[in-house]
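Got a minute to go through some charged side chains? Let's ask how each label was earned.

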Amino acid sequence: MGVHRRLLAVASVLLFALPAPPSRGAPVAALPVPVGYVAASGADFAAMRRSGARAVRLVADWSVIEADPGVFQWTELDRAVAAAARVGLTVTLVLAFTPRWASLASGAELDDPAIWSRQPPRPAHLADWQRFVEAAAQRYRGRVREWQVWTVLTLPIWRGTAREYFALVAAARTATKAVDPQNRIILATPAGADLIAVRRAVREIPDAFDAVSLSPKHLAPEALLRPLGTLRDRVLDGRRKGLRLEWDPRAAGGRAAWGVHIAKVLTVAAAFGVERVDLVADPSIASPVLEAVAAATGGAPFAGYLSQGRALAFVFGRTAPSAIVWSAEGEATIAFDGEGLSVSTLAGAPVAATGSGGRTAVTVGAEPVIVKGLPAAVAEAAEAALAADPAPVFPPARDYSRAAAVTARLGRVNVEEGLYNMPFRARAGAVEPVQVAGAEAVRTNAAKEIVYVYFDIDDSFIYYVDGRYAVEITVEVLGASAPDQVGFNIFYDSMTDLRFTRRQIVEAKEGWVTYSIRLLDAAFANTWGWDFAINAAGNRAEDLTVRTVTVRKLPR
């Protein structure tokens with residue numbers, strides 16, 4: 001939530017093949033985790049309820065409601081809250097944005113509402129914010145008991161600091177609890193699975209919020225498993241805070257994959273006791289997959305998991321369990337006790353299975369498969385696995401936990417041993433492969449604003465360091481053609497914020513030069529799917545060429 005963190009926040013089932021949306025009658029059967037929607041006034045709340053949703057999140061926009069000091073305009077929000085309540089949706093109000101008269105903005109910024117309304121209020125107007133929150137709590141007393149402070153804390157939506165945000169949370173807590181002690185405060189976070197932002201809030205304002213909302217944009221559903229487990233077990237560390245996910249399927253692939261991603265997110269959320277998933281989606285898109293997941297689980301609670309090869313089975317129910325199964329990468333075969341099992345896709349199409357010797361083998365891929373008719377023994381085995389390790393993760397293709405180092409040799413096609421750059425060869429990470437000095441490498445391109453070389457460290461080697469050891473990053477680069485014109489530093493996720501190391505000037509010489517940089521405060525919590533980047537910004541006369549990168553863990 002600091003300056004750097006805010007600046008950086010950057011095989012499927014076709015939806016028409018899924019079951020038809022529910023009829024205009026009762027909602028679909030119970031889901032394994034409660035679902036809500038992110039919506040605005042005028043939304044089709046009845047369609048949300050029919051899709052299986054229990055809640056809706058609406059914005060209480062301070063910049064609109066109190067555009068003039070002391071003059072409140074509640075009409076539009078009144079209408080939305082009433083409409084949602086009529087169809088049985090619980091309302092969470094998001095207290096957000098700032099009137100022009102209270103904003104930190106100055107000069108030309110005051111001409112742009114996309115700037116002044118996204119800034120926190122001036123310190124002198126913090127009391128005005130608290131009065132606005134109290135007025136909202138009084139107006140909707142008995143109808144709204146959940147209040148989220150601001151939306152996603154990422155540019156351009158949020159233009160403040162962590163300290164400024166914490167002041168808003170504390171003031172909102174005081175105002176809402178004064179009206180109704182049962183009111184709950186939801187903490188917003190930056191985009192991604194930002195464990196470091198939550199860690200700071202837990203340390204600085206531990207009593208000011210009741211739940212945490214993550215907005216894991218640009219992360220695959222599978223990538224949520226480890227962050228959710230770490231958040232629950234190491235960041236919150238036993239504190240009674242609820243967990244929520246705001247999921248926008250548009251951020252995780254094309255439309256054809258949206259249904260699959262929603263199904264996976266609901267499954268993962270159920271496995272970690274997430275109290276609600278709020279979808280940023282039209283109910284007509286979400287309804288088919290919500291119905292399919294509800295039918296698959298029958299509303300039964302999460303029982304545990306089974307892991308075989310690259311496949312992971314999430315088991316629901318105990319006396320007549322069912323499972324939602326898929327593979328993290330490629331095809332994998334998983335076997336269950338019992339024969340004559342029902343195996344199908346989300347769309348209900350049968351999936352081939354092989355039964356023999358009292359067991360059934362199923363080959364799965366990236367699309368979730370539904371397995372029904374399992375014996376109670378499967379639930380017992382899943383419960384035992386959960387008791388042994390309460391944080392399920394997909395088994396890695398290779399385990400680097402005992403490796404001395406992880407490396408990547410860069411080129412047109414990288415040679416990657418536990419250090420990954422290839423997934424980022426698009427958009428801002430689209431470095432250019434080159435052949436130079438007798439070897440393949442990659443080069444940044446300042447003219448095209450391609451100045452970062454991104455890396456993800458295999459989670460089995462490093463994840464959420466939290467001071468357990470120091471980290472050394474060794475970078476092999478091409479020598480500069482002239483003195484003082486090429487340099488780089490490491491941009492990384494520390495345990496307090498995103499940070500840059502000191503700039504390293506590349507020696508002017510022919511051939512390759514190696515530099516090692518030691519980090520004592522690395523987090524490497526995979527906030528946006530990557531752990532660090534080589535930053536070549538500032539090079540104008542010559543671009544940076546990188547051949548190899550190595551990461552080592554060092555004893556403290």
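Here are a few questions and answers on salt bridges and burial.

This is a predicted model, where local features need pLDDT of at least 70, side-chain atom pairs count only at pLDDT 80 or more, and totals for chains, interfaces and linings use all residues. Residues are numbered from 1 along each chain as its sequence is written, and side-chain values use heavy atoms, with hydrogens and water left out.

Q: Why is the pair D128 and R131 called a salt bridge?
A: The rule asks for a side-chain nitrogen of Lys or Arg within 4 Å of a carboxyl oxygen of Asp or Glu. The closest N and O atoms of D128 and R131 are 2.4 Å apart, so the pair fits the definition.

Q: How many salt bridges does this rule give?
A: The count is 27.

Q: What makes D128 count as buried?
A: Buried means under 20% relative accessible area, exposed over 50%, and partly exposed in between (1.4 Å probe, protein chains only). D128 has 16% relative accessibility, so D128 is buried.

Q: What about D180 and R145, buried or partly exposed?
A: D180 sits at 9%, so D180 counts as buried. R145 has a relative accessible area of 42%, so R145 is partly exposed.

Q: Why do R199 and D466 get different labels?
A: R199 is at 14% relative accessibility and therefore counts as buried, while D466, at 32%, is partly exposed. Their side chains still meet in a salt bridge, 3.8 Å from N to O.
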